[in-house]
Amino acid sequence: QVQLVESGGGLVQNGGSLRLSCAASGPTSSSYVMGWFRQAPGKEREFVGSIRWSVGSTYYADFVKGRFTISRDNAKNTVYLQMNSLKPEDTAVYYCGLGPGITRIEYWGQGTQVTVSS
């Protein structure tokens, strides 16, 4: 059974930075995509960005381009979301998800709260 464990959330001031981690354990496929998503109170979950394990290619939502960076450490089976220039509107619970594609997520992390104060 695949498990995803997230860490790294917290409270940060406007303009600050945080790095989230998502560690995967269990049988995974190198062809899978690890995606980051977020859900703010009263809103639907939205896509933030993704990385394909096999080649490391990344893809980002327009609202985070230039501010967020996704990377991976294959040896640790861990994907990172580096978030810079954070804004209050980035406040949300952030989730990592793993699957064949960003619209076909099969496994989810437990979520980690990110709060950006103004």
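A nonpolar core is a set of buried Ala, Val, Leu, Ile, Met, Phe, Trp, Tyr and Cys residues joined through side-chain atoms within 4.5 Å. In this predicted model, the largest such core takes in 28 residues. The ones with the most contacts inside it are L4, M34, W36, F68, L81, M83 and Y94. Quite a few strands chip in: strand 3 (18–25), strand 4 (33–39), strand 5 (46–52), strand 7 (68–73), strand 8 (78–83), strand 9 (92–99) and strand 11 (112–117) each supply at least two residues of the core. As a general backdrop, nonpolar side chains in soluble globular proteins tend to be buried together.

F68 is a handy place to look around. Leaving out residues up to four places away in sequence, F68 touches R38, V48, Y60, L81, Q82, M83, N84, L86, D90 and Y94. L81, M83 and Y94 also figure in the list of core residues with the most contacts, while two other neighbours of F68, R38 and D90, lead on to the charged pairs.

The salt-bridge count comes to four. In one of them, the side chains of D90 and R38 meet with N and O 2.8 Å apart. D90 sits in the loop between strand 8 and strand 9 and R38 in strand 4, so this pair ties together parts that are 52 residues apart in sequence. Buried here means under 20% relative accessible area, so D90, at 1%, counts as buried, and so does R38, at 6%.

D90 has another partner in R67, the closest N and O atoms being 2.7 Å apart. This pair, too, links distant parts of the chain: R67 is in the loop between strand 6 (58–60) and strand 7, and D90 in the loop between strand 8 and strand 9, 23 residues apart. R67 has 10% relative accessibility and counts as buried as well. Through shared partners, salt bridges join R38, E46, R67 and D90 into one network.

A further salt bridge runs between D62 and K65, with the closest N and O atoms 3.1 Å apart. Here D62 is exposed, at a relative accessible area of 63%.

That leaves the covalent cross-link. The model has one disulfide, formed by C22 and C96 with their sulfur atoms 2.1 Å apart. The link of C22 and C96 is right-handed, with 65 degrees about the S-S bond. C22 lies in strand 3 and C96 in strand 9, so the disulfide ties together parts that are 74 residues apart in sequence. C22 counts as buried at 0% relative accessibility, and C96 is likewise buried at 0%.

Definitions and conventions:
Residues numbered from 1 in each chain as written. Predicted model: local features only at pLDDT ≥ 70, side-chain atom pairs only at ≥ 80, totals over all residues. Heavy atoms only, no water. Buried < 20%, exposed > 50% of the residue type's maximum accessible area, 1.4 Å probe, protein only. Helix = DSSP H or I, 4+ residues; strand = E, 2+ residues; numbered from the N terminus. Contact = heavy atoms within 4.5 Å. Disulfide = S-S within 2.5 Å.
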